[in-house]
Amino acid sequence: MNEIIITTVAVTGISAIFALLLTLAERTIGNYGEVKLVINEEKEYTVEGGSSLLSTLIEEKIFIPSACGGKGTCGYCKVKVLEGGGPVLATEIPFMTEEELADHVRLSCQCKVKEDIKIEIPEELFNVKEFEAQVEELEDMTAEIKRLRVRLPEGEEISFKPGQFIQLMAPKYEGNDEEVYRAYSIASSPLDKNHIELFIGYVPNGICTTYVHKHLKIGDKVKINGPYGDFYFNNDNDREIILVAAGTGIAPIISILKYMKTYDIKRKATFYFGAKTPDDLFLLDFFKDLEETLYDFKYVPTLTRTTEEHNWQGETGRVNNAIDKYLENGENKEAYLCGNMRMIETMVGALVEKGLAEELIYFDKFD
Amino acid sequence: MIELNPFIIFFAAIFTNNMIFSNFLGMCSYIAVSKEIPTSLGLGQAVTFVLTFTTIINYLIYHYILVPLNLDYLRFIVFIISIAAFVQLLEMIVERYLPNLYYALGIFLPLITVNCAILGVSLFMIIRKYNFLQSIGFSIGSGIGWTLAIVALAGIRQKLKNASVPKGLEGPGITLIITGLMALAFIGFSGIVQIQ
């Protein structure tokens with residue numbers, strides 16, 4: 001009995017001494033006091049020093065895109081640090097190109113705020129907000145893709161451009177012991193400022209996709225922040241539009257089409273959608289309706305794996321085959337592509353070959 | 001136990017009783033961070049630094065708290081706590097007062113908390129009944145030995161980038177085989193001096 005008590009007291013005592021020491025150290029050594037944070041030479045904040053630039057900015061309600069939650073593994077949270085960030089750390093170098101290093105770009109999750117600091121971030125990041133939204137609809141579109149519609153809290157609004165993305169947080173759940181953010185393109189119309197719609201494909205062992213597909217239920221609360229991204233629809237011209245997507249890359253295209261419908265934009269548009277079998281096609285009524293109501297719209301689904309049983313009448317092969325068939329030349333046209341790396345690369349090649357100007361091909365690449 | 005000169009223990013810990021090559025301790029960071037010489041040298045320095053200080057602290061805790069209270073069976077848990085706490089504290093101090101050192105080693109410090117070579121040195125020091133000076137010699141030597149091992153491996157791995165390794169052996173597989181061969185070479189020293 002005595003032994004048990006002495007053991008407990010000794011372990012607790014030793015731990016308590018260390019805990020006390022650490023707390024004292026945190027208060028004294030780890031306390032950098034208040035420092036000045038200047039953003040884009042105009043906005044000035046007084047912040048508590050000592051933590052990473054990323055979390056300091058989050059404290060000030062400025063959200064930098066970050067998928068890993070500040071562990072230095074995704075390389076998304078890049079900002080320009082003009083003054084007072086210390087030298088670039090070895091953990092950041094793998095994510096940087098030589099131009100970025102010369103340009104004072106840093107990973108904001110690795111760079112610590114210990115002295116007055118001057119940074120530069122894209123103006124639109126001030127527009128990024130965090131929301132605690134509620135799941136309103138969750139529906140299977142195909143065996144692998146779910147449509148998720150969430151409602152923002154009463155009185156809160158999100159303004160985004162069609163094509164941009166938000167980040168969805170996957171909380172801790174059984175089998176996942178860390179909070180992570182993942183980026184998904186918005187599929188809802190920018191005019192519906194109180195809702196966000198996403199298309200989420202199932203990736204085996206994917207932290208966020210497993211969360212959405214296996215754990216999320218209608219009525220649950222989810223954390224999102226956004227909008228982000230420089231892939232969005234430009235309506236400052238009257239060029240013909242070529243839209244290309246595969247899989248969940250359909251989301252930003254849908255947002256663009258909804259936007260075009262609401263504003264009755266009179267530009268010719270063709271949407272090439274790549275999938276494997278007819279079972280992978282969805283929202284067919286939506287596109288049929290658009291073909292009738294939009295100014296001049298055509299939906300071209302292209303399937304790679306059709307069999308006799310499918311009795312498929314439409315296009316087959318990869319999307320570039322359909323482009324070859326339907327697109328005569330690339331003059332006075334612009335293209336919006338969304339999908340995986342390989343598809344984007346082949347499509348950009350195919351479109352440039354057709355004569356599209358490379359700077360008029362906008363794309364959003366997935367990993 | 002023969003009274004060994006701390007300097008002999010120091011050299012023995014580097015060559016004949018290398019933590020990695022004779023005890024296979026501290027393997028996780030040894031394999032993970034040995035892709036390039038500069039980074040592995042940084043990690044090696046940080047390990048040496050932490051190893052030396054935690055061994056001193058653990059020596060004092062063991063001989064002045066645990067032994068008098070007859071609690072030496074608690075050494076595993078207490079050493080783990082003291083290493084973790086010390087690394088935290090050290091990180092804060094280095095970050096604040098030695099920024100240059102922090103930029104060179106700081107990012108490796110959290111990695112070291114879970115490096116088993118550190119706990120290993122503290123435990124060996126007790127099993128082998130080292131006195132204070134011998135413990136210091138042993139810890140610094142073990143740290144330098146660990147650094148030597150990881151830097152040598154990083155050098156080999158840099159060359160290995162141009163070699164065609166069979167698919168199934170890429171990465172950790174070939175690294176472990178190399179480590180085995182290096183261990184064979186180091187064991188060649190082991191007749192020179194015995195410290196255990």
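1. Start with the loop between helix H2 (19-23) and helix H3 (27-32) of chain B, since that is where B:Phe24 lies. Keep in mind that this is a predicted model. Phi of B:Phe24 is near 55°, a positive value in a residue other than glycine. B:Phe24 counts as partly exposed, because 17 C-beta neighbours fall inside 10 Å and the buried class needs 20 or more.

2. Chain A has a positive phi to look at too: A:Glu41, not a glycine, comes out at about 65°. You'll find A:Glu41 in the loop between strand S1 (34-39) and strand S2 (43-48) of chain A. Buried or exposed? A:Glu41 is exposed: there are 10 other C-beta atoms within 10 Å, and the cut-off for that class is 12 or fewer.

3. Now the chain A fold. DSSP-wise, chain A has 8 helices and 17 strands. Its length is 367 residues, and 36% of them count as buried. If you take the chain A contacts between residues at least 6 apart in sequence, 69% join residues at least 24 apart.

4. One sheet of chain A is worth tracing by eye. It is open, with 6 strands in the order S9-S8-S11-S6-S7-S10, and the pairing is antiparallel. At the edges stand strand S9 (180-185) and strand S10 (195-201) of chain A; each has a single partner strand, so one side of each is left without a neighbour in the sheet. From one strand to the next, the twist averages 40°.

5. Zoom in on one pair in that sheet. Strand S8 (residues 165-170) and strand S11 (residues 221-228) of chain A run antiparallel to one another, with 3 bridges between them. For A:Leu168, the bridge partner in S11(A) is A:Ile224. S11 of chain A also holds A:Pro227, and the peptide bond from A:Gly226 to A:Pro227 is cis, with omega near 0°. I'd have a look at that bond in the viewer.

6. What lies across strands S7 (145-151), S8, S9 and S10 of chain A? That is helix H4 (residues 207-215) of chain A, which runs at about 75° to S8(A).

7. Last, the interface. Chain A and chain B meet through 17 residues of chain B and 17 residues of chain A. On the chain B side, helix H5 (75-97) and helix H6 (99-105) each supply at least two residues. H5(B) gives the most, with 10 residues. By type, the chain B side divides into 13 nonpolar, 3 polar and 1 charged.

Notes
Residues numbered from 1 in each chain as written. Chains lettered and ligands numbered in written order. Predicted model: local features only at pLDDT ≥ 70, side-chain atom pairs only at ≥ 80, totals over all residues. Contact = placed C-beta atoms within 7 Å. Helix = DSSP H or I, 4+ residues; strand = E, 2+ residues; numbered from the N terminus. Nonpolar A, V, L, I, M, F, W, Y, C, P; charged D, E, K, R; others polar. Pairing = 2+ DSSP bridges. Axes fitted to C-alpha atoms, helices over the stretch in contact; angles between N-to-C directions.
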